[in-house]
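Subject: Structure for you to look at

Hello,

Here is the structure I said I would pass on. Please open it beside this message and follow along.

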Amino acid sequence: MRIYIKTYGCQMNERDSEALAGMLAARGHQLTAAEEEADVLLFNTCSVREQAERKAVGKVGFMKKLKQRNPDLLIGILGCMAQRRGEELFHELPHLDFVLGTGQLHTLPDLLEQLAEERKRIVEVAESSAVLTGMGCHYLTPGSCTAQIAITRGCNRFCAYCIVPYVRGREISRDHDDVVREARELAEAGIREILLLGQNVAAYGLGGNINPPPPGVSPFADLLEELAKIDGIRRIRFTSPYVSYFNDRLIRAIAATPKVCRNIHLPLQSGSNRILRAMNRQYTAESYLETVEKLQAAMPEITFSTDVIVGFPGEEESDFNATRELMERVGFDNAFIFKYSPRPGTRAAALDDQVPQSVKEERNQLLLADLAARTHRHLRALVGTEQAVLVEGVSKRMQERWSGRTDGNRTVHFLPIDGLKAGDVVPVRILRAGNVSLFGEIVRSEQN
Ligand code: SAH
Ligand code: SF4
Ligand code: F3S
């Protein structure tokens with residue numbers, strides 16, 4: 001069958017879709033990017049904000065015309081919204097054939113075979129740990145040098161605003177050896193950079209306990225050290241860690257492992273202690289900053305990016321200003337700023353001091369303007385420096401140039417040299433800063 005997959009939401013969903021593509025290809029199916037050509041349309045959905053759900057429902061609704069033209073077409077909704085809304089989706093989308101939740105994704109190839117034999121509506125939303133071991137397959141695009149590995153699934157933290165623990169189920173960690181084996185296979189297939197994924201990656205291997213481990217213990221640190229021993233792997237990134245899990249063991253392990261990139265995505269959410277408490281985040285502005293400073297002391301070149309929510313219920317001007325100040329103080333290199341979106345069934349959705357949309361919009365704009373100014377400053381500061389760049393290939397926007405990323409995750413455009421290939425790490429002198437990326441020249445050739 002020819003299969004089209006559209007993915008909404010976070011990197012975890014991107015990775016799930018990629019694993020599904022790999023599993024389907026292994027069963028002899030073909031992936032297609034053209035929805036009109038497909039026999040099966042799959043929508044891997046996100047529930048984190050209302051807008052994400054609305055977009056997916058709108059898109060699937062629009063697919064009705066394809067189904068009218070081709071009644072044999074199979075349409076399925078997968079992932080987080082499938083898990084949250086289940087059977088109810090059939091009422092809104094009568095042309096839908098199946099709904100497959102986050103715990104059952106690994107059953108997709110069998111489910112499609114079953115539907116090819118006998119048409120019926122199917123809803124599978126049971127939680128299952130088999131999905132943990134059943135989603136290790138990859139579908140790498142030729143020439144790609146980066147791959148993602150999911151090391152945990154689910155979340156036990158129940159931040160007051162967040163739907164993820166409800167739609168992704170309880171937190172479970174992959175087996176250490178299983179992750180290392182997957183990384184080795186990827187390295188053999190030419191992958192040079194791995195991105196470890198989990199809702200709270202630094203809680204890896206702690207059995208779902210929501211209390212951070214004692215100072216000397218960090219199975220995540222053990223994993224990083226083991227992965228760094230794999231020859232072909234040049235860089236290791238991870239997203240997202242929860243700040244409270246950065247104990248001395250983890251900080252020391254990262255500092256002593258140069259393959260772990262010195263750019264950490266460290267979700268802050270708010271800089272106000274009152275709001276952090278209401279969000280059920282287990283840290284304060286002070287303890288967050290303390291961890292940042294420890295990481296900076298161990299690795300002076302380190303940079304941070306973050307996630308922030310504006311307009312959480314009860315957020316006053318003074319809370320917002322605390323967020324703004326903390327963001328400036330840490331000097332985040334990049335930030336994803338979200339307007340709070342009430343999610344049905346979460347604790348915060350039931351609070352009555354909801355912030356008006358216009359205020360959320362205004363705060364969002366202020367943080368975006370701060371961020372743009374800071375990004376520009378940071379990029380300019382890199383002009384004149386020499387950066388190790390992991391080459392990704394021909395630049396998407398400029399055919400004559402190639403692009404790659406620095407250890408700090410900045411995109412650099414440069415003219416290629418003979419023999420250059422994706423996956424090489426080359427020294428690049430930065431000549432100029434654009435609005436969001438850098439321009440430079442290769443200093444000398446150095447094959448990986
Ligand atoms: N597990 C990650 C976050 C996953 S969700 C962590 O804890 O860091 C990605 C981001 O979406 C969150 O960091 C948060 O900033 C944002 N988010 C989650 N729920 C939201 C909501 N209801 N409204 C707006 N933003 C939300
Ligand atoms: Fe959501 Fe909090 Fe879990 Fe992140 S840690 S997925 S924000 S509940
Ligand atoms: Fe990710 Fe959205 Fe699900 S952020 S975990 S795809 S709800």
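Below is what was found in it, element by element.

Please keep in mind that this is a predicted model.

**The parallel sheet**

Three strands make an open sheet, in the order 7-10-11, and their pairing is parallel. A general point helps here: strands of a sheet pair through backbone hydrogen bonds, either parallel or antiparallel. The edges are strand 7 (146–150) and strand 11 (235–239), each of which pairs on one side only. From one strand to the next, the twist averages 25°.

To find the pairing on screen, start with strand 7 and strand 10 (residues 193–197), which are joined by five bridges. Ala 147 is a good place to begin, as it stands opposite Ile 194 in strand 10.

Two helices can be placed against these strands. Helix 10 (residues 219–228) packs on the sheet and touches strand 10 and strand 11. The direction of helix 10 makes about 155° with that of strand 11. Helix 1 (residues 11–26) lies across strand 7, strand 10 and strand 11, and runs at about 100° to strand 7.

**The barrel**

What order do the strands of the closed barrel follow? The five strands run 15-16-17-19-18, with mixed pairing. Direction ignored, neighbouring strands here are turned by 50° against each other on average.

You can walk round the barrel pair by pair:

- Strand 15 (residues 386–394) and strand 16 (residues 402–406) run antiparallel, joined by five bridges. Gly 393 stands opposite Ser 403 in strand 16.
- Strand 17 (residues 411–414) and strand 19 run parallel, joined by two bridges. Val 412 stands opposite Leu 438 in strand 19.
- Strand 19 and strand 18 pair in the antiparallel sense over five bridges. A hairpin of four residues joins strand 18 to strand 19.
- Strand 18 and strand 15 run antiparallel, again with five bridges. Leu 390 stands opposite Val 425 in strand 18.

Arg 429 is worth finding. Glu 386 stands opposite Arg 429 of strand 18, and in strand 19 the bridge partner of Arg 429 is Glu 441. Is strand 19 mostly covered or mostly open? It is mostly covered, with four of its five residues buried.

**Helix 15**

Helix 15 (residues 357–381) has 25 residues. From its first C-alpha to its last it reaches 36 Å, close to the 36 Å expected at 1.5 Å a residue.

Which residues of helix 15 are buried? They are Lys 360, Arg 363, Asn 364, Leu 367, Asp 370, Leu 371, Arg 374, Thr 375 and Leu 379. To read that list, recall that an α-helix has 3.6 residues a turn, so residues three or four places apart point the same way. The buried residues of helix 15 pack against several elements, among them strand 18 (425–433) and strand 19 (438–442) of the barrel. Helix 14 (317–330), strand 13 (303–310) and strand 14 (334–339) are also packed against by these residues.

**The ligands**

Ligand 2 is surrounded by Cys 155, Arg 157, Phe 158, Cys 159, Tyr 161, Cys 162, Val 164, Pro 165, Gln 199 and Arg 281. By type, the shell around ligand 2 holds seven nonpolar residues, one polar and two charged.

Around ligand 3 stand Gly 9, Cys 10, Asn 13, Cys 46, Ser 47, Val 48, Cys 80, Arg 168 and Gln 199. This shell divides into four nonpolar, four polar and one charged. Gln 199 appears in both shells.

**Backbone details in the loops**

The peptide bond from Thr 239 to Ser 240 is cis, with omega near -10°. Ser 240 lies in the loop between strand 11 and helix 11 (248–255).

Two residues have a positive phi without being glycine. Gln 269 has a phi of about 75°, and it lies in the loop between strand 12 (263–265) and helix 12 (273–278). Asn 409 has a phi near 70°, and is found in the loop between strand 16 and strand 17.

Which of the two terms, buried or partly exposed, fits Gln 269? Gln 269 counts as buried because its relative accessibility is 7%, under the 20% limit. Asn 409, at 34%, counts as partly exposed.

Regards

Conventions: Residues are numbered from 1 along each chain as its sequence is written. Chains are lettered from A and ligands numbered from 1 in the order in which they are written. This is a predicted model: local features need pLDDT of at least 70, side-chain atom pairs count only at pLDDT 80 or more; totals for chains, interfaces and linings use all residues. Side-chain values use heavy atoms; hydrogens and water are left out. Two strands pair if DSSP finds at least two bridges between them. Axes are lines fitted to C-alpha atoms, for helices over the stretch in contact, and angles run from 0 to 180 degrees between N-to-C directions. Contact means heavy atoms within 4.5 Å. A residue is near a molecule or strand if one of its heavy atoms lies within 4 Å of it. Ala, Val, Leu, Ile, Met, Phe, Trp, Tyr, Cys and Pro count as nonpolar, Asp, Glu, Lys and Arg as charged, and the others, Gly among them, as polar. The expected span of a helix is 1.5 Å times one less than its number of residues. Buried means under 20% relative accessible area, exposed over 50%, partly exposed in between (1.4 Å probe, protein chains only).
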